[in-house]
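Me: I should like to go through the reasoning behind the terms used for this structure. Please set each value against its criterion.

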Amino acid sequence: MRHVIALDVGGTGMKAALVGADGTLLYRARRATGRQDGPEAVVAGILGFAADLAEHGAKELGEPAAAAGVVVPGVVDEANGIAAYSANLGWRDVPLRALLSERLDGVPVALGHDVRTGGVAEGRLGAGREAERFLFVALGTGIAGAVGTAGRVETTEIGHIVVRRKGPECGCGQRGCLEALASAAAVSRAWGADATGCARAVADGDPRALAIWDDAVAALADGLLTGLTLLDPDTLIIGGGLAEAGETLFGPLRTAVRERIRFQRLPIIVPAVLGDTAGCLGAGLLAWDLLSVEVTA
């Protein structure tokens, strides 16, 4: 069966899939990034994971992958296939597209920004399908955004908007970034355990959890207000691990954003439909788009 390799590299884990031409996830797998061992180990892990996916596809689906798509966080030079910078993974100027193509015996590879391609997937297949203009924000190990309009999706580093000038230091070198205060990683640090546990404690009324959660939501609303002012979306899509808290997050967040609105358009605020599959689906779309371009050319 014809398929492509899709690989979504996050700050702490990698999600991967073999994706059919109709978007079906034919096989799914996860691994840790191994970032504690340094950026070279992360790159080696990506290459090894891709090779294992290729082997599985050839064996189980009867033919080699037609292409591969990989999406990564940070600053990405998509045109030249370079993973330019990631505060969370510690790399600079990694020629990831070339390295992957070589490891996969010359298979064409598309490289993209994880949140932009997650936005592409949400725009084509998920919560942004009916939106005139949407802002997609992923709350994971870090925070990043993508804005979609007229079929185009572009990244915005909303996670590095400074919302608390005397706040904690961010991996980017600034202090008080949105990412340092309202990401899943930030909530985990403040709670002393996984952010999911903090969300459960909030639902149970734990006072310390409520204080941590309220601080994170307030910072998030402040950062989002800047995004709404600059980008004027009619739909705000929230994804990433923290969004899995459901109304524990969305209830207070909608209230906090509404209270901050003055002249800005108040968007509808909705959860990402595709959940944590958005990155993989986006990577798969990149790979299939690459093949479409090659056929057209």
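Me: What makes strand 1 and strand 2 a pair, and in which sense do they pair?
Reply: The model is a predicted one. Two strands pair if DSSP finds at least two bridges between them. Strand 1 (residues 3-9) and strand 2 are joined over seven bridges, in the antiparallel sense. The criterion is therefore met. Within this pairing, Val-4 stands opposite Val-19 of strand 2.

Me: How do you know that strand 2 and strand 3 pair, and what makes them a hairpin?
Reply: Seven bridges link strand 2 (residues 13-20) to strand 3 (residues 25-32) in the antiparallel sense, where at least two would suffice for a pair. Ala-16, for instance, has Ala-29 in strand 3 as its bridge partner. The two strands form a hairpin with four residues between them. In the turn, Gly-23 has a positive phi of about 90 degrees.

Me: Why are strand 3 and strand 8 called edge strands?
Reply: The open sheet to which they belong has five strands in the order 3-2-1-4-8, with mixed pairing. Strand 3 and strand 8 each have a single partner strand, so one side of each is left without a neighbour in the sheet. From one strand to the next, the twist averages 15 degrees.

Me: Which helices lie on this sheet, and at what angles?
Reply: Helix 1 (residues 39-60) lies across strand 1, strand 2 and strand 3, and runs at about 155 degrees to strand 1. Helix 2 (residues 96-103) packs on the sheet by touching strand 4 (68-72) and strand 8. The direction of helix 2 makes about 145 degrees with that of strand 8. Contact here means heavy atoms within 4.5 Å.

Me: What is the strand order of the open sheet that contains strand 12, and which strands are its edges?
Reply: This open sheet has five strands in the order 11-10-9-12-13, with mixed pairing. Its edge strands are strand 11 and strand 13 (268-271), since each pairs on one side only. The twist averages 20 degrees between one strand and the next.

Me: How do you know that strand 12 and strand 13 pair, and in which sense do they run?
Reply: Four bridges join strand 12 (residues 235-239) to strand 13, against a requirement of at least two. The two strands run parallel. Ile-238 has Pro-271 in strand 13 as its bridge partner.

Me: What makes helix 3 and helix 7 neighbours of this sheet?
Reply: Helix 3 packs on the sheet, touching strand 9 (133-139), strand 10, strand 11 and strand 12, with its direction at about 130 degrees to that of strand 9. Helix 7 (residues 207-231) lies across strand 9, strand 10, strand 11 and strand 12, at about 155 degrees to strand 9.

Me: What lines the second largest pocket?
Reply: The second largest pocket has a volume of about 500 Å³. Of its 25 lining residues, the closest to the centre are Arg-116, Val-120, Arg-124, Gly-151 and Asp-289. Strand 8 (109-113), helix 3 (114-125), strand 10 (143-149), strand 11 (152-156) and helix 9 (278-296) each supply at least two residues of the lining. By class, the lining has eleven nonpolar, five polar and nine charged residues.

Me: Why is the protein chain called as compact as a globular protein of its length?
Reply: The protein chain has nine helices and 13 strands. Its radius of gyration is 19 Å, close to the 19 Å that the globule rule gives for 297 residues, so the description holds. Along the principal axes, its C-alpha trace spans about 55 × 40 × 35 Å.

Technical notes:
Residues numbered from 1 in each chain as written. Predicted model: local features only at pLDDT ≥ 70, side-chain atom pairs only at ≥ 80, totals over all residues. Heavy atoms only, no water. 1 Å grid on protein atoms, 1.4 Å probe; cavity = no way out; pocket = protein on both sides within 12 Å on 5 of 7 lines; lining within 4 Å. Points joined across faces, edges and corners; volume = space filled by probe spheres on them. Nonpolar A, V, L, I, M, F, W, Y, C, P; charged D, E, K, R; others polar. Axes fitted to C-alpha atoms, helices over the stretch in contact; angles between N-to-C directions. Rg over C-alpha atoms; globule rule 2.2 N^0.38 Å.
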